[in-house]
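Colleague: Can you walk me through this one, starting with a single loop residue and then moving on to the pocket?

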Amino acid sequence: MIKITKDYFSLRQIGESGQCFRLTRTGENGYSLIAFGKYLEAQQRGNEIIFYCSEKEYEKIWKGYFDLDADYEAIITSVDSGDTYLRQAVSYGKGLRILRQDLWEMIVSFIISQQNNIRRIRKCIETICERYGEARISESGVSYHAFPEPEALALASQEELQDCNLGYRSRYIRQTAGSIVQGEVELERLQKMDYGQARAELKRLCGVGDKVADCICLFALHHLDAFPRDTHINQVLERRYRQGFPFDRYQGCAGVMQQYLFYYDLNGEL
């Protein structure tokens, strides 16, 4: 068990933010998470967080996964005092962090996310994990499934994937899995590329356009200049930033600002 105190961190807000689909609220203060083939339980009360894992696992996986070394207070205080809307968004979602997630899982997850809502995305991912992911048991005795490997999804038929309620995305996922297995796009090389290179390389995959590539760059590769634009963000930009979003001011953290705007538009703005 690891207990930490951390301001500007909320498991609830992170779980509701649309960047992570296997973080689940299990009670008033409890959460479970499956990532990198591991199962984690955690609790949060105010700024006190308890991770039910060994110190070694915390240091190796979860500390980096939750971006706990990053100074989000500095990011928040950098917001233009004259930008009332962004300041409201940041105040509302100040517990958000950009997670450092598994690249392959994010590729599949954000292909599934197209023209979809968070609840359905979660269900689709749960289904493919149960059908194609390796069954495991946590140290605490909880049964769960790891995220499917590319080989497992490449071998599945399009019809089998459609049975997972993936719809037209079934073809995208099957072909993308095949591209990874065949080495047409290499995950290790992607992790060494800069933002522009990675974005272009990801778009070679079936079903990956600008928005999905930016989501993968932001939530897996931690390129914080990636600024995914979906319907919510485009509407915010049209309503609030008709002269253009001030990307120059937020170089190196524009993607964090995008997450505050997205979360506020999705959950907070009346």
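Modeller: Sure, let's begin with the loop. This is a predicted model, so local features need pLDDT of at least 70, side-chain atom pairs count only at pLDDT 80 or more, and totals for chains, interfaces and linings use all residues. Residues are numbered from 1 along each chain as its sequence is written, and side-chain values use heavy atoms, with hydrogens and water left out.

Colleague: Where does Thr26 lie?

Modeller: Strands here are DSSP runs of E, at least two residues, and helices are runs of H or I, at least four, both numbered from the N terminus. Thr26 lies in the loop between β2 (23–25) and β3 (30–35).

Colleague: Is Thr26 buried or exposed?

Modeller: Buried means under 20% relative accessible area, exposed over 50%, and partly exposed in between, using a 1.4 Å probe and protein chains only. Thr26 has a relative accessible area of 54%, so it counts as exposed.

Colleague: Which backbone nitrogen does the side chain of Thr26 reach?

Modeller: Leaving aside neighbours within four places in sequence, Thr26 is in contact (heavy atoms within 4.5 Å) with Tyr31 and Ser32. At 3.3 Å, its side chain reaches the backbone nitrogen of Tyr31.

Colleague: Which helix gives the most to the lining of the largest pocket?

Modeller: A pocket is an open set of points on a 1 Å grid over the protein atoms alone, where a 1.4 Å probe fits, with protein on both sides within 12 Å along at least five of seven lines; lining residues have an atom within 4 Å of a point. At least two lining residues each come from α6 (118–132), α12 (210–219), α13 (231–240) and α14 (254–268). With five residues, the top contributor is α12.

Methods. Polar contact = N/O pair within 3.5 Å; in protein donor to acceptor, adjacent residues only side chain to side chain.
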